[in-house]
Amino acid sequence: VNNPETIQALKDWVPLVLPEILLVAAACVLFLGGTFRTGRHLWGGVTLATLAVAALVAGLTPRPADPSPAQLYAAPILLDNLALLVKGLSLAGGAVLVLFAWDEVPEKQAAEYYACLLVIVAGTSLTGMANELITLFLALEMTSIPTYILLYLPRRDNAAQEASMKYFLLSVFSSALMLFGFSYLYGLGGTTNIAALARALGTVGSGTLPAAALVALVMIVAGLGFRIAAVPFHFYAPDVYQGTTAGLAALLAFFPKVAGFVALVRVLGFAPEHGLLEALMLGQAKVYPGLLLGSQVSTLFWILAAVTMTLGNVLALLQDNLKRLLAYSSVAHAGYMLIGLAVAPYLRDVDAPGGVEAILFYLASYGAMTIGAFAVISYLNTPQRPIETVDDLAGLSRSHPGMALLMMVFLFSLIGIPLTGGFAGKFLLFWGAMSVPVDLGDPSTLEHARLFRILALIGVLNAAIGAWYYLRIVAVMYLRNPLRPAEGRRRWPTLTAIGICAVLTIALGVPPLLGLLVGASRDAVPQLRKEG
Amino acid sequence: MNDYSPLLWIALVVPAIGAVLVAALGPRRGDLVRWAALATTLLALVLVAIFTIRFATAPPPLPEAPPDRPAWAKTFHPEMETVVDVLSLQTGRDHPAAIRFYIGLDGLNIWLVALTAVLLVPSVLVSWKVVTERINEYFAWMLLLEAGLLGVFLSFDIILFYAFFELTLVPLFFLIGIWGGPQRQHAARKFFIYTLTGSLITLLGVLGAVLACYTRTGELTFAIPRLVEIVQQQLASSTGPDLEFWRSVQLYVFLGLMAGFAVKVPLVPLHTWLPLAHVEAPTAGSVLLAGVLLKLGTYGFLRLALPLAPDTALSLGTPLIGSLAVIGIIYGAFCSLAQNDIKKLVAYSSVSHLGICMLGMFALNETGLGGSLIQMINHGLSTGGLFLLVGMLYERYHTRLMADYGGMAAKLKLLGVGMVFICLSSAGLPGLNGFWGEVLSLMGIASVKNLSYGAIAGQGLSILGVFGTLLLLGLFLAGRRSLERDWPVLLAVGVVAVVWGVIYRRFLDQMDVGTYSLLKWGLRHLLWDAWASPVFLLGLLLLVLIFLWGRRSVGRDWPAVFAAGVIMVVWAEIYLWQNVWGLGVIIPGEAVLCALGATGVVLGAWYLLTMLRRVFFGPVKEPRHEGPEPIRDLNGRELAALLPIGVLCVVLGVYPQPFFDAAQRDLKVMADIADAARGRVETRLEVRAAAPAPAGEEMR
């Protein structure tokens, strides 16, 4: 502790979280200001401005030099590439969701709504920077607690109350599980610093880990599995999505998923520091990144991925309610992303993105297409003509040709048709699962490779099942006649949000943005570059 | 040839831009939309024609091989390339981009590109009056479909190929789903999901092939020519565990790729989406679906599955796909026979015809591959033409049921002539295009490379199939005319058959068939040696008897015709067995495939001619039609749609030389790849025969 570098690291974190401080401060202003003035335009504008300023501050903050080991093992906050990517993702997602909610949120609650949203953005962004279990927990709670308020804010009917109660109880429960897992981690490693913990566990070598590691693993995965809506922790999703507004459903589909996956990546050591990687190369450490808590990590994620995507897709087939359908679809997409976590430990020697990189890419494209789909539903939803079931979209191509076209883009991206971000993301995930290397001399590697190829096969079959229900929506929109006439009222903020999502959905599937984001995802995950 | 390369991507972009423009014109300006769509397809056709003619008039030789690349001759060498980097998967600046926009032209895709451009024009023309609702969307989707199809054929990057392959689904989904028949929604979704499921598994096959090359050589590339080269190189030089690795990889790659392509072709257990989609699609949709989209499957096999997994293509592909193809040939033909709906009949005939295409392809020699390639084009032209004609008939009477029609040739003369002509082309009448595809495919599968001793019989058999067709034609004519005068008809048929034979022999002697000497050889043997051979005489005799029998049962002629086909085949089989047993060799599976395939040729003529007889000949029976204006024969627009197809059928049938000249180099490459695989598989079989290995090793 007396090491001056350590002390420096403990002190230096404040400038790194300036954007988040700004967001939370603005949220406080909004909470207070909301009691004096109402008005969605006023507070929406303030929120957008805050997000812009935060982005500006984040962009202007100089990148700190690569920390020395002593700094790394003390710092609670890291501003590495992963953190920057997550920050960008959450700020962009926040901005889109502000525009999305502009017309949906009641005039009187606008300030509170946006304040909560700002805190969630800050929490998600902080999750990406956490290098300390406590920070991580705090960041995750920053995304959860405002969600409870948000769920309760706009509606007071039974369904909304059920949704918020359900979410609240399960969320608290999952936080407790996670905290329990964290305490075991502390017991195992003797520190709450994630990098130090990884170092400690990584040099022990697998096989000598006590059973406590497994307990910690299961608890953490269960706790975070709730956030990413992985089966069997998905039960809340359909009811909550259905019981709330489209804007909140989109928020729930995006932020907790980003936070959950990033937290898993951080806490399970999928994004190791360079020092650990070098130690691995030199043989001083024996544990692959991501397998710190035992080789069962990969098996666990394999099973979770297979079950999550299969159950999510099959149950989505049975849905008629659009939000329920999209809820199960978000479960299924969590399953696809879990493929990345299952496979990541085995891609150490492969010089191609596939594991964590693919997840980061997928999170971005998933966010664009899912928020976009919810935004279209929200845009079409009016008190006179609520959009609840798939059939409510009948003949959309005649009544709202533009909306139908945009919705089609999102749905085709969710299916994974080429030239969309959805295809690029699925491509990278399956690519990762297929690219587990085989060492001809070692039969166990063959076994691993085969298992992951089977996972890829399960993945593509699921994508085909998924196509069925997405296509059903497309068919309803384009192949059927309108049930009721269209009513025209342009709502520009929502339209802008839809437009941004659509542009991103397509742009992520074609160069140059495709290449840029793949590159950024690669940079976010430290790896030893083999020359060649 | 690089000065022509911009034309390729311009031809690819023109329909896409046209689609956007047409969509932007709005649904109200109907005529403008139609003319804009027609202009776009014509412009694309002109562009395609320029580079096709440039390529076909001077087919490029194989480029000089660099000394360090021994597998140079066993890969594709596209001309007129355009390469643009898309995405680099590896880190570091020194790595070239892995995924690229890479298009080019070679002998395998040139005619399919041309076919696409040609068929789009009649598709637009035939939709001129039929489509009235959402007309701008309709033509926009159609033009997008053209762009997608051209993209698949031109792609030389495997991901680009896959992307276009999947993108073709979207326009057709809407074309069927919005402008189709009563069950259009179901048909469109079934089509989409079936094909998507298959092609997603194909994606895994694609990734597997790329990754196998990457892990073994450290070179990450998605360029098809380079991948094929690496695979051939690795297969040729690997030993021990490396070779085992490549064997097992090939199996998975082949199965993966096969999943998507087999659905698209379609091979038999996976064909159920096709009749539904065809029947429900609007006429232009059917034309493009049958004419071009099904070729995506066969082309995929040719471009990817064969060269990337040659050993498996030989050891598993020929028996498995060959059998499925033969089942498809016969099953499709019988399904066609059973139909009352003309469109459904044509739809099932696609299953049958593409079975012949697949059979020829998996002969894995130049003859068979050439036959397969020309069969793709033939099927595109003749089945496209059939769908056009059926659509025109439907447009007039709003029924497609054969029972509603009769003697339409007297009422609609031009349409009748067109239908007879296209049916004969489709049935493989010598002198028209269909003949080459069927004969070469069947000869390929029965060639000396696959079965040393059955070749003569096999080739005799395939010719018998053609003669069976001719005799059926006689039956058809006899059935039409008065019964008393059928002897002259039989005589006429015999004369026609002999004259055709002689003309073809003469023709072939003069024609430089190049590597198609097998064809020349086979025909000559048929007409000289086999002329005297017992099987031929007996077959002919039996056919005469059957014909006489058929005379007495004109109304119920199907058992006669069926017997004709079966007995011909049985006799040929006996002949084959004699030959083969005499030499102590077990009868090869390929001979059986060939024999059954030849039956399919006969059956093909049977259902088409039956349809002709029921709809166009006999006493006039006109369906009731509402509306004040009388039913008229083909108008200028419809003739303009049909004439190019007819002309191409004749040109390809009479003088197919340029077709083969352009494709020859790349067919030779494919045949070389297959020959190398043949060598490896035979060596393996010999090794295994010497030292029995544990069972199931081949499947690993």
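Helix 14 of chain B gives five residues to the lining of the second largest pocket, the largest share of any element. Keep in mind that this is a predicted model. The pocket itself has a volume of about 1,100 Å³. Who sits closest to its centre? Out of 46 lining residues, those are Lys129(B), Val130(B), Tyr394(B), Glu395(B) and His398(B).

Helix 14 (366-397) has company, too. On chain B, helix 6 (169-179), helix 10 (273-280), helix 11 (283-308) and helix 25 (636-654) also give two or more residues to the lining, and so does helix 21 (443-479) of chain A.

Here's how the lining of that pocket splits up by class, next to a helix contact we'll get to in a moment:

| Group of residues | Nonpolar | Polar | Charged |
|---|---|---|---|
| Lining of the second largest pocket | 17 residues | 12 residues | 17 residues |
| Contact of helix 7 with helix 8, chain A | 13 residues | five residues | no residues |

Now over to that contact in chain A. Helix 7 (residues 110-129) and helix 8 (residues 133-152) of chain A pack with their axes 8 Å apart, at an angle of about 160 degrees. Angles over 145 degrees count as roughly antiparallel, so that's what helix 7 and helix 8 of chain A are to each other. Helix 7 of chain A passes helix 8 of chain A in a left-handed crossing.

Which residues make the contact? From helix 7 of chain A, they include Tyr113(A), Cys116(A), Val119(A) and Gly123(A), and from helix 8 of chain A, Leu136(A), Ala139(A), Met142(A) and Pro146(A) are among them.

Technical notes:
Residues numbered from 1 in each chain as written. Chains lettered and ligands numbered in written order. Predicted model: local features only at pLDDT ≥ 70, side-chain atom pairs only at ≥ 80, totals over all residues. Heavy atoms only, no water. 1 Å grid on protein atoms, 1.4 Å probe; cavity = no way out; pocket = protein on both sides within 12 Å on 5 of 7 lines; lining within 4 Å. Points joined across faces, edges and corners; volume = space filled by probe spheres on them. Helix = DSSP H or I, 4+ residues; strand = E, 2+ residues; numbered from the N terminus. Nonpolar A, V, L, I, M, F, W, Y, C, P; charged D, E, K, R; others polar. Axes fitted to C-alpha atoms, helices over the stretch in contact; angles between N-to-C directions. Parallel < 35°, antiparallel > 145°, perpendicular 65-115°, else oblique. Left-handed = near helix turned anticlockwise from the far one by under 90°. Contact = heavy atoms within 4.5 Å.
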